[in-house]
Amino acid sequence: MKVCGIELKANNAILSVVENNEFKNLKLKKITLEDDEKQECVKEFFLKIEEFLNQNCIEKIVLKKRAKKGNFAGGAVTFKMEGVIQLNSICSTHLVSAQTLSAFEKKNEITFPSELKKYQEQSYLCALNA
């Protein structure tokens with residue numbers, strides 16, 4: 001199964017793709033929402049997400065969810081991006097908490113592939129946690 005792990009940071013969707021627990025080093029590593037207040041930009045973000053999912057035959061998305069309140073609460077833009085990603089017509093989307101990812105990483109001895117960029121580590125863990 002081909003899984004895409006996504007972490008949302010600021011206005012970026014950071015992507016990591018795993019197929020049968022093997023990291024796929026794809027050229028596109030993040031998709032940016034340029035201006036969340038412009039409808040055209042939100043539509044463009046949605047179309048880029050769908051195009052990426054379609055081109056790479058993604059069967060499942062695992063998205064790192066953000067806290068709704070507290071010190072580590074996600075920003076409004078990331079919640080908008082999450083909603084847009086969940087609306088995709090290509091595959092199912094599942095949310096996973098930061099605590100679940102931490103526990104998963106501790107329970108399993110994760111070795112990050114050398115091609116994986118440092119900023120992709122959380123999205124990679126999401127994909128492995130599918």
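Welcome! A good place to start is cysteine 4, which stands opposite isoleucine 61 in strand 5. Keep in mind that this is a predicted model. From that pair we can follow strand 1 to its neighbours, and then turn to a pocket elsewhere in the model.

**Strand 1 and its surroundings**
- Strand 1 covers residues 2-9 and is mostly covered, with 7 of its 8 residues buried.
- Strand 5, made of residues 60-64, runs parallel to strand 1 and is joined to it by 4 bridges.
- Strand 2, made of residues 12-19, runs antiparallel to strand 1, and 8 bridges join these two strands.
- As a general point for reading such strands, side chains in a regular strand alternate between the two faces of the sheet.

**The hairpin of strands 1 and 2**
- Glutamate 7 has isoleucine 14, in strand 2, as its bridge partner.
- Between the two strands of this hairpin there are 2 residues.
- Look for alanine 10 here, as it takes a positive phi near 55°.

**The second largest pocket**
- This pocket has a volume of about 180 Å³.
- Two elements each give two or more residues to the lining of the second largest pocket: strand 4 (30-32) and helix 1 (39-55).
- Helix 1 provides the largest share of that lining, with 4 residues.
- Residues to look for in the lining include Leu26, Leu28, Ile31, Lys48, Phe52 and Asn56.
- Sorted by class, the lining has 5 charged, 4 nonpolar and 3 polar residues.

How values were computed. Residues numbered from 1 in each chain as written. Predicted model: local features only at pLDDT ≥ 70, side-chain atom pairs only at ≥ 80, totals over all residues. Heavy atoms only, no water. Buried < 20%, exposed > 50% of the residue type's maximum accessible area, 1.4 Å probe, protein only. Pairing = 2+ DSSP bridges. 1 Å grid on protein atoms, 1.4 Å probe; cavity = no way out; pocket = protein on both sides within 12 Å on 5 of 7 lines; lining within 4 Å. Points joined across faces, edges and corners; volume = space filled by probe spheres on them. Nonpolar A, V, L, I, M, F, W, Y, C, P; charged D, E, K, R; others polar.
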